[in-house]
Protein chains: 2
Amino acid sequence: MTPFRIAQAQINCTVGDLTGNTEKICQSIQQARSLNADIVSFPELAITGYPPEDLVLKPQFIADNIDALQVIAAEAKGIVVIVGFVDKVNGLYNAAAILSQGKVRGAYHKHHLPNYGVFDEKRYFRSGRDLHIIEVNGVSVGLSICEDMWTQRGPTRVQTLAGATVIISINASPYQIGKLDERERMLRTRATRNQVIIAFNNMVGGQDELVFDGCSMVIDHEGRLLAKGKAFEEDLVVVDLDIQKVEEFRKQKQSRLHKSSPRTQSVTRILCSFEPYVGKRIKVLPKFGPTLTILDEIYQALCLGIYDYVHKNGFSKVAIGLSGGIDSALTAALAVDALGSRQVLGVFMPSRYTSCESRFDVESLVHNLNINLRTISIEEAYTAVLNMLSEEFQGTTPGTTEENLQARIRGDVLMALSNKFGWLVLSTGNKSEMSVGYVTLYGDMAGGLSVLKDVPKTMVYNLARFRNEIASNAMIPEHTIHRDPTAELRDDQKDQDVLPPYAILDQILEAYVEGNHAMSEIVSMGFDASTVGQVGRMVDECEYKRRQAPVGIKITSCALGRDRRMPVTNRYQET
Amino acid sequence: MTPFRIAQAQINCTVGDLTGNTEKICQSIQQARSLNADIVSFPELAITGYPPEDLVLKPQFIADNIDALQVIAAEAKGIVVIVGFVDKVNGLYNAAAILSQGKVRGAYHKHHLPNYGVFDEKRYFRSGRDLHIIEVNGVSVGLSICEDMWTQRGPTRVQTLAGATVIISINASPYQIGKLDERERMLRTRATRNQVIIAFNNMVGGQDELVFDGCSMVIDHEGRLLAKGKAFEEDLVVVDLDIQKVEEFRKQKQSRLHKSSPRTQSVTRILCSFEPYVGKRIKVLPKFGPTLTILDEIYQALCLGIYDYVHKNGFSKVAIGLSGGIDSALTAALAVDALGSRQVLGVFMPSRYTSCESRFDVESLVHNLNINLRTISIEEAYTAVLNMLSEEFQGTTPGTTEENLQARIRGDVLMALSNKFGWLVLSTGNKSEMSVGYVTLYGDMAGGLSVLKDVPKTMVYNLARFRNEIASNAMIPEHTIHRDPTAELRDDQKDQDVLPPYAILDQILEAYVEGNHAMSEIVSMGFDASTVGQVGRMVDECEYKRRQAPVGIKITSCALGRDRRMPVTNRYQET
């Protein structure tokens, strides 16, 4: 029996770019057909990009997305195509179109709509009820969209019981630390429990705060990985499936599969067979994308997040304020790795409080990364503003106000360079600072993309060391890594004057922000009660700053963006 | 027969302030009891405040809210109390607790969860299935929460068919233009269709971008308004209901009520009767809050939004950059009406481009409003920054960059005053500007609250004229109202150099932003195609600015906040 050849197009779509996404999809169809695949799948909402958010509320956008589907359908000849789009049938559905012989043959509607974390799908879509099995050249293929697969008694169960030997699951599953392993484990469980081959097709690319990691996978009925797409890159994963083996395996184990009763949903069968390919097919070897370390994963996620945010928004160059500290150094290294050193401009903006070591560290960094540097002292403007305010401020003690002013003048300078030359400003604050508000609104927070917004300070250090190890030299100056963190907004300032040590702070923050633990619970984990109280209050009190922060790249289970929707006006104090 | 006396506590809750809200609720219970009411109701989620957003994801917050409910239950003696809280029973529910004889007797769970516009209730809550009818001193009362009432075949229908003669509907229904009328019409329809008395108890107060207008109402079974609470103020609405009349009316019309079959849901009956009051009750006369004009409504909504944002966030004074233009003048007038003139500081920050007329208009305004003024020229800082950047900018033509710099220096000055003296900065940009991006990020956009963010420019003029009419003098200088709008960031600049006339712009924006109409549809409404295209592109391209904007007060059907969730990275262009 000729093996059943499936292709998974792990493509990088752009939200709203119906024309560009359609072209990309058509090219992949041609490529998959040239490899004689029986079927090719595309990610969830590949036509619109994911998440399209409120674009979905524009009727014209929906109509245009359906027009795009027709263009793609015309290309679906000699191959069956599964592609994500927004379907409109008495309401909107997150759907997988079934295309064959140049026509739209049907559409599966996502059943389980995520409406937690960064997801808002119930804002836009209705839940599907029907189940689809398509018959492609003698093989029964079930369809599923993202969240559907995460439910044990979801569509996969019913489709399998109705005879599907392969499930094609199309996804836009965003990266977060630990997700790759979790996903693979879940898919193995789902495949073995249902004795079915699962072809998990993920999206790849950055979209605002989300990064889709790709890592599409095919897992067989016994939980073996048959192929894996690249991480954080486009890919076309082609695999030959031995369907007979699945059928035989099932015959032996028949009893196990029918233990639980399926949900009573109608299964729609769609015959999609076409003139099968008769000649000798080009042989394909299954690919196995690399397994990455956590730091490598994060680093690549951040690079892809930068690259796509910059390019998809029409920029090519970025400007970064370099302070000599580790946050801006890591941001610059990431930007160079993402965009190339010629696309990155460092801006050093010293003041009276800037130390020689900072200047020296900036110079080494710029040398190591081979980027251009502009040095613009802020002294003249700082003095001018202090003069302007001297009457108002008479008799007051210099403090946070004066510190913030320096940060804001630096923000003004970066934005002026951005306005004048079209460079996107990358802001450099880390998650620890953003959580407790140890940042200046309109100052160091200014920018188009906040690269480390979801990276805790301790992980900033780990990523810097990781980058140096790869380079096998100190790309990020060792001195930058080892010096005490300081904002240099007054003499002898150290972060630890007002914050607990980052090793402690980050653990408390993880428990409080990601874990939603009560302060009392965190204290019982072994942290000092007054420290926990202080950190909790700091987090709660600076929601107004985060509300005005740039988009940042999500890498944890709870980023400070769409993931966390806290009221600004909030008087909650644990009783 | 003694009339059935119901009280509706239209209170102003603060999100997260479990202690404060509980105190307020207990005080209202005492007040209602002293008036011998049989039952007193409170708004939706009165204990937590609305919307509590991700506070609901903190298990400790839920536990604390249930503790607060117990405190309130202890107060519920000699009266039945209906109060909104978050219930936890295998998941979370937006619930109405039924309290009597010092105990929690049960809880109705909201059936219909809004998950559109500003609402995210499916993110947090499960849908209720049960229906409750409480028997209070011989009267059958059905319960309902906000959205439930908007559905024709919702809980009201079933409860009425099961014998309820009164429905208590608790709400946190935010203000928007036209909503008051729409709500009253809907309630009349629901009351007459079901031959039932509806007691609609709304929240009042500002919470971030939302303003709850109050306007609680009691409407009888024939659609007559029996009482109406104040608009934009706390109130206790007490009404005596003639239940016998409803029963007699129903007997006559029996046939009509049973035409349609109810949904098959279980009705839970809870007996809440208590020792009835035997003496002569204090007579209460039904109140009828005033019917406001649209401009009056909007003006009051903005004032309440300012007052509550400022006070609930722990501020008392505000600073406003005054330019001599109408936006900052109206913002200042609103702030004075909301907070009092001693709480408002005007800051005039002239540059080389500031005209004499602007200075004169600022001085008249400050005089009329009786507020303090600081004048801080930005020239010194502007010159300094230009000097600092002169090398970088050599050979370039002055333009937007230099204009933005002026706005950003003004932002820096306002924020410095805020940091130093603890004044909240109110930003002054209107919806038209915010929509098309005719604002400077970190410049005139800087601030804690963006008062006119949802007020189109044409309505800014209408509100200014309205304010002057009330004052019966030109509170806002006539010259400010009549001069051509200008940002004064270069010589002879006029808004209309780059924008269509506001009368045109605002109509296009309403169709595009609020109506989600396609550009082609807007053109077919009679607007110039190139203007529509230009406006649409401007709106789409500046999403990144709006993402970093302060919270603004919602007054339209689609404010530029939680209401409108557009991707920043978005290549959609209508095909």
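**Figure 1. What covers the buried residues of helix α16(A) in this predicted model.** Let us start inside chain A, with α16 (502–514). Around its buried residues, the cover includes α13 (431–436), α14, α17 (519–524) and α18 (529–541) of chain A. Which residues of α16(A) are buried? They are Y502(A), L505(A), D506(A), I508(A), L509(A), A511(A), Y512(A) and V513(A). If you follow the chain just past the end of α16(A), you meet N516(A), which takes a positive phi of about 55°.

**Figure 2. Helix α9(A) crosses helix α14(A).** One of the helices covering α16(A) was α14 of chain A, and here α14(A) is shown with another partner. The axes of α9 (residues 326–339) and α14 (residues 457–471) of chain A come within 10 Å and cross at roughly 45°. This angle makes α9(A) oblique to α14(A). The crossing in which α9(A) passes α14(A) is left-handed. On the α9(A) side, the contact is made by I326(A), D327(A), A329(A), L330(A) and A333(A). On the α14(A) side, the residues are V460(A), Y461(A), L463(A), A464(A) and R467(A). Sorted by class, this contact has eight nonpolar, no polar and two charged residues.

**Figure 3. Helices α1(B) and α2(B) pass each other in chain B.** Now we move to chain B, where the axes of α1(B) and α2(B) come within 10 Å and cross at roughly 20°. With that angle, α1(B) is roughly parallel to α2(B). Is the crossing left-handed or right-handed? It is right-handed. From α1(B), the contact takes in L18(B), T22(B), I25(B), C26(B) and I29(B). From α2(B) come D64(B), N65(B), A68(B), V71(B), I72(B) and E75(B). These residues divide into seven nonpolar, two polar and two charged.

**Figure 4. Chain B meets chain A.** How many residues of chain B are in contact with chain A? There are 75 of them, in contact with 76 residues of chain A. Several helices of chain B each supply at least two residues of the side that touches chain A: α1 (18–34), α2 (59–75), α3 (121–124), α8 (294–312), α11 (379–393), α12 (400–421) and α19 (543–547). The largest share, 14 residues, comes from α12(B). By class, the side of chain B that touches chain A holds 32 nonpolar, 21 polar and 22 charged residues.

**Figure 5. A rotation relates chain B to chain A.** Turning chain B by 180°, with 0.0 Å of shift along the axis, superposes it on chain A with an RMSD of 0.0 Å. That is the relation of a two-fold axis. Which residue of chain B comes closest to the rotation axis? It is Q548(B), with its C-alpha at 2.1 Å. Of the interface residues of chain B, 100% are also interface residues in chain A, so the copies meet through the same surface.

**Figure 6. Cis peptide bonds at P51(A) and P51(B).** Most residues other than glycine have a negative phi, and most peptide bonds are trans. In chain A, however, a cis peptide bond joins Y50(A) and P51(A), with omega about -10°. P51(A) sits in the loop between β2 (39–41) and α2 (59–75) of chain A. In chain B, a cis bond joins Y50(B) and P51(B), again with omega about -10°. The loop that holds P51(B) runs between β2 (39–41) and α2 of chain B.

**Figure 7. Positive phi at E53(B) and E488(A).** Where is E53(B) found? It is in the loop between β2 and α2 of chain B. E53(B) is not a glycine, yet its phi is positive, about 50°. E53(B) is buried, because 24 other C-beta atoms lie within 10 Å and 20 or more count as buried. In chain A, E488(A) also has a positive phi of about 50° without being a glycine. Its place is the loop between α15 (478–482) and α16 (502–514) of chain A. E488(A) is buried too, with 21 other C-beta atoms within 10 Å.

**Figure 8. S364(A) in helix α10(A).** Our last stop is S364(A), found in α10 (residues 356–369) of chain A. S364(A) counts as partly exposed, with 19 C-beta neighbours inside 10 Å. S364(A) and V523(A) are 159 residues apart along the chain, and their C-alpha atoms are separated by 42 Å.

How values were computed
Residues numbered from 1 in each chain as written. Chains lettered and ligands numbered in written order. Predicted model: local features only at pLDDT ≥ 70, side-chain atom pairs only at ≥ 80, totals over all residues. Axes fitted to C-alpha atoms, helices over the stretch in contact; angles between N-to-C directions. Helix = DSSP H or I, 4+ residues; strand = E, 2+ residues; numbered from the N terminus. Parallel < 35°, antiparallel > 145°, perpendicular 65-115°, else oblique. Left-handed = near helix turned anticlockwise from the far one by under 90°. Contact = placed C-beta atoms within 7 Å. Nonpolar A, V, L, I, M, F, W, Y, C, P; charged D, E, K, R; others polar. Buried ≥ 20, exposed ≤ 12 C-beta atoms within 10 Å, placed from the backbone. Least-squares fit on C-alpha atoms with pLDDT ≥ 70 in both.
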